[in-house]
Structures are given as C-alpha cells and as structure tokens.
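Here are a few exercises to work through with the model open beside you. Try each task before reading its solution.

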Amino acid sequence: MTSNGTGLFTEQFTQNPYPTYSKMREEDPIHAVRFPDGQSGWMVTRYEDAEKVLKDPRFTKDLSKIYGGSMDQMSVFTQNMLFSDPPDHKRLRGLAQKAFTPKMILGMRERIQEITDELLAAMEGKKQIDLIDEFAFPLPIIVICEILGVPSADRDKFRLWSNSMIEGTSGELGVTVQQHMNEFVQYLGQWFAKVREQPGDDLISKLIQAEEEGDRLSERELYGVVTLLIIAGHETTVNLIGNTVLSLLENPEQRKLLMEKPELVNQAIEESLRFNGPVEFSTSRWAAENFEFQRKALKKGDLVVASLNSANRDPEKFADPELFDIQREKSPHLAFGKGIHMCLGAPLARLEGEVAIVSLLNRFPEMGLAVKSSDLEWRPGMIVRGVKELPLKLK
C-alpha cells in the first residue's frame, strides 16, 4: 500500500518539503505512505481534499472507536478535545475555552507586550543571538504558564518534555520520549495536588474545580487537556515567530514594507502562516467506515493525515503560492485547521506573533541572519515546522 518514492521524511525533505509537495499534488494528491513511526496511511496534499478531511465526520479523531479503549494511544496525553469526537469534544473544548475568549485574549495584550519588552531588553548589547532560545521560545511559554498557573521558572523542563514528545514523532526517540512523558506526568500530578490544596484564579484551578452542566473532567482528561494546552500553547507560537522572522529576512523587500507600514503586521502573520506554517501536518484521523474518498478506497481504521503546508501552497487555491507577499488578500489558509477541531489558541498565537514581530523589528531594525538559510536545521517529527536555532546578528 505504501510508497516513499517521492522522498518523504528524508533530511532533504525536512529542509524544504515544498518541491515534493508540488509533485505530489500533481501526480498523486492522496498518497499512500509509511510514516516515520512505522504506521502506514494516507497523506492528503491538495487544499480542497485537506479541508474535507478536517471537516468530514467520517474521519474520526477517537481511536477507541476503531480499536476499542485498550490501545496504548489511549494514554493520559490523548484524553483531550484534540483526540475526541462529539459529544465529548464539545464538553472538553468548552471547559478549556474559558481562558481563550476574544475578550480575555485582548486583555492580555499589555502583559504580552511587557514580556516581549523584557526579553528584547535582555538582548540589547549582544552582537549575536539565537532568536529561538532568547525570544521565540520564552515569550509564549511564559504566557501559557501564567494562564495555567504553573511556574514559568520550570519552562526549560516544559521545553525538554515538549521537544521530546514532538520530535518523537520522527520514530527515533522511543525510550527518551517515554522517560520524558513519565517525568511530565509526575510533575503534573504533583502540581495538581498543590492546586487542590490551594486553588487560585488560574486555568488549572478552574479545570480542577470545573463543572460544566454537571460534568467534571476525569483525572485522565485533566492530564490530557493540560498537556495539550502546555505543548500546543507555546509550540505553535515559537515556530510562528521563528518562521515569520526567517521569511522576512529572506524577503528583504517585504521586511522593508512591514517596517514602513507596521499596520500590515496582521496580514504579515497570516501570510507567514500560509507560506511556511508552524504546524506541518494535521493530527491523525482514522476512517470510521469503509468509503471512497476522491477515488481512493479507504478502509475502516485507515490513518489519514493532511499536509497543511502543502494545502496552503496549492495553486488551485492561492495565486502565486510560492511568493511570500504580506499584502496578499485575506487568506483562507489551513494553518490552524478547520471545523470543530480548529486550534483553540489561534487568537492568542496571532496576538503574540503580532506583538513579537513589530517589537523585534522596532528594537533591532538592522538585524540579519548570522548563517546561510541552507545551514539552518529544521526540527524533525510529524507535527511542527520550525528551525532548531535561528542565529541572528543584531548589528
């Protein structure tokens, strides 16, 4: 069933997957592949097909519907809205959504600006920095830690655990990933115990105390939701900031335009999400029944993944898709997904990205890449797209 003849998941592919995506969209847009973790399934590469996969209820997110509730995947990390179908999805998302209302996000702008300014001030006087380590990572992890009520002093632990889980999707880090998952579970268990004794106004306290129409979170669901919020709550933004800065530096006319017209920052963020989005693939879905999808015979239990970044460069949907253009008309990109599973934290990621990019350009208008773009190392795995380090000369 599977074929990796197009050179998927090689180091060259990770560095620049877009030529491969272009070929797949033309020749075999719903492609049978073997994923890095050894599973076989289908990769969807065209926009129209990807959008259908994200919204079609015949694709389930709940693996227990395929194999029952005893699968290894039914761990504490998958008991959340990302791996559930209605009605559980609505209940779990509803509980977490309390911290991500438009009003609450808007109210965080001042605090996000404060954190941004502190991080930029710490970079003053340095000739060279790693933007990921000193700016793109700490900003969103501090924000999500403050929302959840966990100590931002532990952010390096969260980074280690998060990196391990995400890069573990490359299929190479089994023992390390399991060790870090165990450490993370232990940490959360100790933190939950503290919160039960001394609850506060933070989101974890609210989740522990939550009753939504008489329905509490189970212990496993609590672990699952908090894990998702900690990891998804910063990973997307880390790579959004890094990828946006890289695209601006590689397209100096666009950078110049943004510096002259900072009011274009919203469009710049949307274009960055489309052009080189921070989430490479959708999370897994499985065919809930046997059916034909775009002339491919899918069987119940078939794994299906949409390449969001391929869909976002589909010439059938976007004019000049290989062009980074911050003045592009409103973009219907799929960077945050679509349908009921659309990213809960998208408004927060957008706000953090906007504040970060404008503030960075204002503070260091002469910054430039300290290495060649071709020398940057992209993170492995099946989830995020971002560089491990982004060395900049601040000048």
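**Exercise 1. Explain how far apart E48 and K52 sit along helix α3.**

Solution. Start with the helix: α3 covers residues 47-55, and E48 and K52 are four residues apart in it, so about one helical turn separates them. In general, residues three or four places apart in an α-helix point the same way, because a turn takes 3.6 residues. Next, look at the side chains: those of E48 and K52 meet in a salt bridge, at 3.4 Å from N to O. Finally, check the surroundings of K52, which counts as partly exposed because its relative accessibility is 33%.

Keep in mind that this is a predicted model. The average pLDDT of the protein is 88, and 91% of the residues score at least 70. Be careful with residues 1-5, where pLDDT stays under 50, and with residues 70-74, where pLDDT also stays under 50.

**Exercise 2. Find which parts of the chain the salt bridge between E377 and K388 ties together.**

Solution. First, confirm the pair: the closest N and O atoms of E377 and K388 are 3.2 Å apart, and the two residues form a salt bridge. Then place both partners: E377 and K388 lie in the loop between β9 (368-369) and β10 (391-393), so the pair ties together parts that are 11 residues apart in sequence. Now add accessibility: E377 is partly exposed at 47% relative accessible area, and K388 is partly exposed at 33%. To go further, look for R111, E114 and E146, which salt bridges with shared partners join into one network. A search of the whole structure finds 19 salt bridges.

**Exercise 3. Work out in what order the five strands of the open sheet are arranged, and how β8 pairs with its partners.**

Solution. Write down the order, which is β1-β2-β8-β5-β3, with mixed pairing. The edges are β1 (30-34) and β3 (59-60), each pairing on one side only. Now step through some of the pairs:

- β1 and β2 are antiparallel, with five bridges, and R34 stands opposite S40 in β2.
- β2 (residues 40-44) and β8 run parallel and are joined by four bridges; the bridge partner of W42 in β8 is V304.
- β5 (residues 285-287) and β8 run antiparallel, joined by two bridges, and W286 stands opposite L303 in β8.

Last, turn to the side chains of β8 (residues 303-306): L303 and V305 point one way, V304 and A306 point the other way, and all are buried. As a rule, side chains in a regular strand alternate between the two faces of the sheet.

**Exercise 4. Is R25 buried or exposed, and what does its side chain reach?**

Solution. Locate R25 in helix α2 (residues 18-27). R25 is buried yet has no salt bridge: the nearest side chain of opposite charge, E322, is 4.3 Å away, beyond the 4 Å cut-off for a salt bridge. The side chain of R25 does reach the backbone oxygen of S310, at 3.0 Å.

Now try R274, in helix α15 (residues 265-275). R274 counts as buried because its relative accessibility is 0%. Its side chain reaches the backbone oxygen of L323 at 3.0 Å. To finish, compare the neighbours beyond four places in sequence: the contacts of R25 include R313, D314 and E322, while those of R274 include R313, F318 and H333.

Methods:
Residues are numbered from 1 along each chain as its sequence is written. This is a predicted model: local features need pLDDT of at least 70, side-chain atom pairs count only at pLDDT 80 or more; totals for chains, interfaces and linings use all residues. Side-chain values use heavy atoms; hydrogens and water are left out. Buried means under 20% relative accessible area, exposed over 50%, partly exposed in between (1.4 Å probe, protein chains only). Lys and Arg count as positive and Asp and Glu as negative; His and the chain ends are not counted. A polar contact is a pair of N or O atoms within 3.5 Å; within protein, one must be able to donate a hydrogen and the other to accept it, and residues adjacent in sequence count only if both atoms are side-chain atoms. Contact means heavy atoms within 4.5 Å. Two strands pair if DSSP finds at least two bridges between them. pLDDT is the predictor's confidence in each residue, from 0 to 100.
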